[in-house]
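Trainee: Could you walk me through this model before I set anything up with it?

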Amino acid sequence: MAETITGQCYCGAVSLAADGPPEVVSYCHCDDCRRVTGAPVAAFAAFATDALHVTPALGAPISANPGVNRWFCHQCGSPLAATFDYLPGQVYVPLGLLDQADILPPKLHSHADKCLPWLQIKDDLPREHGSARDSLRPKPAGKV
């Protein structure tokens, strides 16, 4: 896997670089993520907060829901990142922004109970109801 994960927004005004691979990659079927991405399902890569570098800096977030902060490109509106109070120390980046998305397959479905009934993703990944917060948190060193 690439040592540095890179990406950019739609217009290229914002670039992203992460020191190493994401801690987790997940689909999310919740209403909030569908609305913010405009897609029937979202996919995100979670990085340690201090591992993600954004140029120019993210600035002030938008918070439409308590405990959720989201950042967008000020020029093209692309969603850039999100943090969730219940997942401290992580920042979530839409998978479609990343240059290495082809080698970063999701490992689980979050909010699978909210999946649109006509959307059929055929895989054997775990399907968590609700936030999947326990599966999304990084495992302590030495734990499997």
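Mentor: What follows goes through the ground rules, the strands, the cores, a pair of serines and the empty spaces.

Trainee: Ground rules first, then: what kind of model is it, and how are the residues numbered?

Mentor: This is a predicted model, in which local features need pLDDT of at least 70 and side-chain atom pairs count only at pLDDT 80 or more, while totals for chains, interfaces and linings use all residues. Residues are numbered from 1 along each chain as its sequence is written, and side-chain values use heavy atoms, with hydrogens and water left out.

Trainee: Okay, which way do the side chains point along β1?

Mentor: In strand β1 (residues 4-8) they alternate, with Ile5 and Gly7 on one face and buried, and Thr4, Thr6 and Gln8 on the other and not buried. Buried here means under 20% relative accessible area, exposed means over 50%, and partly exposed is in between, with a 1.4 Å probe and protein chains only. Strands (E, at least two residues) and helices (H or I, at least four) are DSSP runs numbered from the N terminus.

Trainee: And what does β1 pair with?

Mentor: β1 runs antiparallel to β2 and is joined to it by five bridges, where pairing requires that DSSP finds at least two bridges between the strands. Ile5 stands opposite Ala18 in β2, and the two strands form a hairpin with six residues between them, in whose turn Gly12 has a positive phi of about 85°.

Trainee: Switching to β4, is it enclosed or open?

Mentor: β4 is largely enclosed by the rest of the structure, because six of its seven residues are buried. It is joined to β3 by five antiparallel bridges, with Ala46 in β4 as the bridge partner of Val24. β4 also pairs with β9 in the antiparallel sense over five bridges, and there Ala45 has Val93 as its bridge partner.

Trainee: What about Ala42, where does it sit?

Mentor: Ala42 is found in strand β4 and is buried, with a relative accessible area of 2%. Its C-alpha atom is separated by 5.1 Å from that of Cys28, 14 residues apart along the chain.

Trainee: Which residues touch the most other members of the largest nonpolar core?

Mentor: That core has 20 residues, and Phe47, Leu52, Leu80, Val93 and Leu98 touch the most other members. A nonpolar core is a set of buried Ala, Val, Leu, Ile, Met, Phe, Trp, Tyr and Cys residues joined through side-chain atoms within 4.5 Å. The elements that give two or more residues to this core are β2 (15-19), β4 (42-48), β5 (52-55), β8 (79-84) and β9 (90-94). Apart from it lies another core of 15 residues, among them Ala46, Leu87, Tyr92 and Ala132.

Trainee: What does Phe47 contact, beyond its neighbours in sequence?

Mentor: Leaving aside neighbours within four places, and taking contact as heavy atoms within 4.5 Å, Phe47 has partners including Ile5, Ala18, Leu52, Val93 and Leu98.

Trainee: Now the serines: what joins the side chains of Ser110 and Ser26?

Mentor: A polar contact of 3.0 Å joins them, meaning a pair of N or O atoms within 3.5 Å, where within protein one must be able to donate a hydrogen and the other to accept it, and residues adjacent in sequence count only if both atoms are side-chain atoms. Ser110 is in strand β10 (residues 108-110), and Ser26 lies in strand β3 (residues 24-28). Ser110 counts as buried at 3% relative accessibility, and Ser26 is buried too, with a relative accessible area of 4%. The side chain of Ser26 also reaches the backbone oxygen of Leu108 at 3.3 Å.

Trainee: Last topic, which residues lie nearest the centre of the largest pocket?

Mentor: Cys28, Cys33, Phe84, Tyr86 and Leu136 do, out of 17 lining residues, and β3 gives the most to that lining, with three residues. On a 1 Å grid over the protein atoms alone, a pocket is an open set of points with protein on both sides within 12 Å along at least five of seven lines, a cavity is a set where a 1.4 Å probe fits but cannot get out, and lining residues have an atom within 4 Å of a point.

Trainee: How much space is in the pocket, and what is the volume of the largest cavity?

Mentor: About 190 Å³ of space lies in the largest pocket, and the largest cavity has a volume of about 40 Å³; grid points are joined across faces, edges and corners, and a volume is the space filled by probe spheres set on the points. β8 gives the most to the lining of the largest cavity, with four residues.
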